Every structure is written in C-alpha cells, then in structure tokens.
Amino acid sequence: MLLAHLLHLRGIDSVVLESRSREEIEATLRAGVLEQGTVDLLNESGVGERMRREGMPHEGVILRFDGQSHRIHLSELTGGRAITVYAQHEVIRDLVKARLDRGGRILFGVKDVSLLDLDTRQPKLRFHDKDGALQELACDYIAGCDGFHGVSRPSIPSRLRREFTRVYPFGWFGILVEAPPATDELIYAYHDRGFALVSTRSPQIQRLYLQCNPNNTAGDWPDDRIWEELHARLAGDDGFRLTEGRIFQKGVIAMRSFVVEPMQYGRLFLAGDAAHIVPPTGAKGLNLAVADVRVLALALSEFYASGRTQLMDRYSETALQRVWRAEHFSWWMTSMLHHFHDESPFHHRLQLSQLRYVTESRAAAAMLAENYVGLPFRDD
Ligand code: PHB
C-alpha cells in the first residue's frame, strides 16, 4: 500500500491486489513501533497527519533486569532520533484512505493469485476477483508484498533462491488490556521465568507480551495466570507496579528469523515479510518492509524517468544490507532477553553481563539505540 502511494507521488500507476477485505486489514493487530525513518517517510509523503496527532513519540526505552529499570536515552544517543508508537493497522488505514482518495486501484478479496512470465518483459498476474471472475493483469513489474505465506516467493524457481532460517524455541503470548499504561516508555524485561514486554497502544490501552511455549494457545493462559506471570517477571524493589485491567484480546506469536536471497527474480521484486522475517524483539518487521519499498520506489521511478535500471538491478543487494543488519539486531535482542530452556548458568551470567554493559556503557547503549530507532537510509 505504501509502495503504491510512493509510486503515485512520482506519477507511476499501480494496482494493489489484496486477498482480504478492507475491514479485515484495517482491524488486524500487528506491530506498533515506527522507526524515525518510517515516521519521516510517512510525513514527507503526506500520510502522517493522523500519526502526528495520535502517535506517541518515545525518546527512551527501558531494559529491566535484576528488579531494576535501566533507561536507554534513544534521542540523546542518536542525535535526536526517536521511535513512535502508532499501530500498523492505523498506518494501513491512513494509506488505504490516501490511495482511494486519489483514485488508486485496490482490489480487495482477490483469490488464487498466480504469477506468470516473470522472466519476460511482460509478467502477468492471474487471479479470481471478489466476484469470482477470472482476471489477468499484464504488468511492467510485480512487487511481491504478500507476506511469509504468500505466493510470490515460491514463484522464484527454488534453484535460484537461497533461504536462511532460525526458529526459536519459544513464542510470545500477547494481550491487549483496557487500562492506562503503567509506564511512559516500553519495558523489555529479562527474568529467570522468561521475557516480558510492556508496550502501549493508546492512553487507555496497554499491549503486553510474555515469553511462552510456542505451542501454547489462548486456552493455556487464563487471566489469573497471565497476571501472576507478568507481575513476577516485572517485579522489583523500585516500586514499579503493573496496572491490571480487562484483557480483551489474547494470541500467540511465533518467533522466527528468515531471509531469502536474492529478493528479485526477473521482473518480480520481493518486499517485506515475503522476503524476510524477524522475531519481534527488535520491533523491526514493519520498518524493514517500509525500507524495502522505499528502495523499490526510488528504483522504479529512476527507470520510468530515465530508462536506467541501475537502481533496480541493485535492489536486492541494497535491501539485503539493511535486512541483515535488522536480522542481526533482532536476533541479538532476542538472545539477550529470553530464557532458553537448555540454558546453562554460564549462559545466564553472559546474558546479565551483556545487559549491564548495554545499560552502563555509552558506546554499547548507542549501539542498541541507533539500531532500535533505525539506521539512516543509505542515501540520506
Ligand atoms: C508492540 O507494541 O506491539 C511491540 C513493541 C515492541 C516490540 C514488539 C511489539 O519489540
């Protein structure tokens, strides 16, 4: 949706195929943390008005361990950059509205999409529209932004792609709670019983997560057990107290790292989760997708403006540099903050030492901060 908007601003036409309905995509709860570069891009492209009003800028983030909170001063360590908490489905609502207001074509409810002739000058999309009619769309280029389970990636012949995967032996149990946030900033907590994260969605709603068995379902976590576990993992002697409230949504999130190389085949370009997955600990998923389509929009506009394909030819290489940085950061945050079942006392001491170092050394804190707020785009 963002790619379509960025292309439109440069006078390039597109059609967005979406398998779900507008109502569904605007209601699906996903990530919530926007990097500085994401915020800037949404503002510069004219879709940041509601985000500026309703989003919550955070200049710091808290690491909590040994019963104490330690603040990483993001903006001071990064020359004024920060994160903004504004839910992904709100970004989607703003983008869908921006596209439809400008006459953009979004086909909702399409089914059975297949990608054809990708290695020719005129690739095609074949699909059933929402009324069940078979359609074929001839394209100049196809952007595969259809997520990890989408059809785009498998449309690249398997002998031409290499996949890198790591599955973590835990998941996150996520809840939405009707209660004012107990803290102004996100808290990432390391504890013997497992990781916990305190985030927020609005002045009335908290978003909380706790490390769980990846095979758990909502039924394994009655409200009492959730609160008991969250209180234990966030306990300390500094007076911090979690605010309880009505839990109105529960769900389990799998933890995985994944990258496919290259991110291009013929006239197909993969972007976002279709090409890579990060565990949510670094809050990078949405931001990486934004960075991908930013590179792709620049490359396509260079081509339509001048016929040059240099940027397009380098799309995969350019995008993958940022992807692997985010992969490393997300893996590192995940490894530092979670309890591993086969963990030896040695490993546990290393994790604590790493946490102390990151919160006590300005250089180490700056490393976390610049990755967390997002490294500047390469051509900034
Ligand atoms: C969220 O608010 O959903 C959230 C925040 C930080 C993360 C992951 C998820 O690292």
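**Close-up views of a predicted model**

**View 1. Two strands contribute to the ligand shell.** Strand S14 (196-202) and strand S15 (205-212) each supply at least two residues of the shell around the ligand. The model shown is predicted. S14 is the top contributor to this shell, with three residues. In total, 13 residues surround the ligand. The closest are Tyr-188, Ser-199, Arg-201, Tyr-209 and Pro-280. Sorted by class, the shell holds eight nonpolar, three polar and two charged residues.

**View 2. Ligand oxygen atoms lie beside polar atoms of Tyr-209, Pro-280 and Thr-281.** At Tyr-209, the partner is an N or O atom of the side chain, 2.5 Å from an oxygen atom of the ligand. At Pro-280, a polar backbone atom is 2.7 Å from a ligand oxygen. At Thr-281, a polar backbone atom is again involved, and the distance to a ligand oxygen is 3.4 Å. On its own, the ligand has 280 Å² of accessible area, and the protein covers 97% of that.

**View 3. The largest nonpolar core has 53 residues.** Leu-2, Leu-34, Met-263, Leu-270 and Tyr-315 touch the most other members. Helices that give two or more residues to this core are H1 (2-9), H3 (36-44), H6 (88-101), H8 (285-306) and H10 (315-337). Strands that do so are S9 (124-128), S16 (246-261) and S18 (268-270). H8 gives the most, with nine residues. In soluble globular proteins, nonpolar side chains tend to be buried together.

**View 4. Contacts of Tyr-315, a member of the largest core.** Neighbours within four places in sequence are left aside here. Tyr-315 is then in contact with Met-263, Phe-269, Leu-270 and Ala-271. Asp-292, Val-295 and Leu-296 are also among its contacts. Two of these partners, Met-263 and Leu-270, are themselves named with Tyr-315 among the core residues that touch the most other members.

**View 5. Another nonpolar core lies apart from the largest one.** This core has 36 residues. Among them are Phe-65, Ala-283, Leu-355 and Leu-368.

**View 6. His-231 in helix H7 (residues 223-234).** Is His-231 buried or exposed? His-231 counts as buried, because its relative accessibility is 17% and the cut-off for buried is under 20%. Its side chain makes a polar contact of 2.8 Å with the side chain of Glu-244. Not counting residues up to four places away in sequence, His-231 touches Arg-241, Leu-242 and Glu-244.

Terms used. Residues numbered from 1 in each chain as written. Predicted model: local features only at pLDDT ≥ 70, side-chain atom pairs only at ≥ 80, totals over all residues. Heavy atoms only, no water. Core = buried A, V, L, I, M, F, W, Y, C linked by side-chain atoms within 4.5 Å. Buried < 20%, exposed > 50% of the residue type's maximum accessible area, 1.4 Å probe, protein only. Helix = DSSP H or I, 4+ residues; strand = E, 2+ residues; numbered from the N terminus. Contact = heavy atoms within 4.5 Å. Near = heavy atom within 4 Å. Polar contact = N/O pair within 3.5 Å; in protein donor to acceptor, adjacent residues only side chain to side chain. Areas by Shrake-Rupley, 256 points an atom, 1.4 Å probe, with all protein chains shown as cover. Nonpolar A, V, L, I, M, F, W, Y, C, P; charged D, E, K, R; others polar.
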